[in-house]
Amino acid sequence: MIAQVVLSLLLGIVLLYAWAQYRRSPIVTILSCIVSLAGFYFVWLPSHATRVAEFVGIGRGADLILYVWACISLVVLLNLHLKLRSQQELLTQLARSIALANVTLPEDARPADTSRLSSLTEAQTSQPRYRPADGPTPGQTADQSA
């Protein structure tokens with residue numbers, strides 16, 4: 001009797017929540033209400049679950065309910081997965097459009113500021129930006145570097 005009350009309470013909460021979400025997703029609400037009402041029916045009349053299970057070729061009503069629950073869970077997981085992928089694709093498109101809208105040029109590609117260039121000394125402009133590795137310099141072969 002305690003299990004029936006607890007299960008009925010949980011199914012009632014699912015039923016109320018589904019009904020509250022009717023505007024968002026009417027199909028899911030209707031399916032949730034049908035499953036909740038079937039759950040109420042089988043919680044209070046478990047012998048009928050056994051009859052239905054035997055009719056479809058399953059030995060016990062509890063097994064039938066478990067199998068149906070597993071199938072419903074897999075459908076819900078698939079639905080959530082597809083929605084998550086869709087959200088990720090939308091997020092990627094949004095990030096791309098924001099990135100393209102806020103493009104900044106690197107300093108090398110920006111027009112040169114003549115006042116800054118005149119303040120550089122001759123030594124600063126003649127220095128290479130990187131230090132070459134121990135190897136042949138451009139125009140020099142490996143034999144000449146040794």
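A helix, in the sense used here, is a DSSP run of H or I that is at least four residues long, and helices are numbered from the N terminus. With that in hand, we can place a residue such as H48, which is found in helix α3. Keep in mind as we go that this is a predicted model.

Let's begin with the whole chain. There are seven helices and zero strands, so the numbering from the N terminus gives a simple order of elements: α-α-α-α-α-α-α. The chain has 146 residues, and 11% of them count as buried. Its accessible surface comes to about 12,800 Å², and carbon and sulfur atoms account for 66% of that area. Among the contacts with a separation of 6 or more, 33% link residues that lie 24 or more positions apart.

Now go to helix α1, which covers residues 2-20. This helix has 19 residues, and the distance from its first C-alpha to its last is 27 Å, close to the 27 Å expected at 1.5 Å a residue. Which residues of α1 are buried? They are Q4, S8, L11, G12 and A18. These residues cover an arc of only 130° around the axis, which puts them on the same side of α1. A general rule helps here: an α-helix has 3.6 residues a turn, so residues three or four places apart point the same way.

What lies over that buried side? The cover includes α2 (26-44) and α3 (46-56). Turn to the face of α1 that points away from its buried side, and you will find the exposed residues I2, L9, I13, L16, Y17 and A20. Let's pause at Y17, which belongs to helix α1. Its relative accessible area is 57%, and Y17 counts as exposed because the cut-off for that word is over 50%. Y17 and S32 are 15 residues apart in sequence, while their C-alpha atoms are 9.3 Å apart in space.

Back to H48 in α3. Is this residue buried, exposed or partly exposed? With a relative accessible area of 21%, H48 is partly exposed; buried would mean under 20%. If we leave aside its neighbours within four places in sequence, H48 is in contact with Y41 and F42. The C-alpha atoms of H48 and G61 are separated by 7.7 Å, although their positions lie 13 residues apart along the chain as a separation.

G61 brings us to helix α4, which runs over residues 61-101. At 1.5 Å a residue, its 41 residues should span 60 Å, and the end C-alpha atoms are indeed 60 Å apart, which agrees. The buried residues of this helix are G61, D63 and L64, and what covers them includes α3.

One of those buried residues, D63, also takes part in a pairing. In general, side chains of opposite charge can pair when their charged atoms come close. Here the side chains of R60 and D63 meet in a salt bridge, with 3.0 Å from N to O. How many salt bridges does the structure hold? The count is one. R60 counts as exposed, at 51% relative accessibility, whereas its partner D63 is buried.

Finally, look along the surface for a nonpolar patch. V35, V68, I72, L74, V76, L77 and L80 make up this patch of about 600 Å². Which helix gives the most to the patch? Helix α4 does, with six residues. V76 is a good one to find in the structure: this patch member sits in helix α4 and is partly exposed, with a relative accessible area of 43%. Helix α4 therefore appears in this tour with a span that agrees with the expected one, with buried residues covered in part by α3, and with the most residues in the nonpolar patch.

Key:
Residues are numbered from 1 along each chain as its sequence is written. This is a predicted model: local features need pLDDT of at least 70, side-chain atom pairs count only at pLDDT 80 or more; totals for chains, interfaces and linings use all residues. Side-chain values use heavy atoms; hydrogens and water are left out. Helices (H or I, at least four residues) and strands (E, at least two) are DSSP runs, numbered from the N terminus. The expected span of a helix is 1.5 Å times one less than its number of residues. Buried means under 20% relative accessible area, exposed over 50%, partly exposed in between (1.4 Å probe, protein chains only). The arc is that of the directions from the helix axis to the C-beta atoms. Contact means heavy atoms within 4.5 Å. Patches are made of residues with over 30% relative accessible area and no salt bridge: like charges are joined within 9 Å, nonpolar side chains (Val, Leu, Ile, Met, Phe, Trp, Tyr) within 5 Å. Accessible areas come from the Shrake-Rupley method with a 1.4 Å probe; for residues, only the protein chains shown count as cover. A salt bridge is a side-chain nitrogen of Lys or Arg within 4 Å of a carboxyl oxygen of Asp or Glu.
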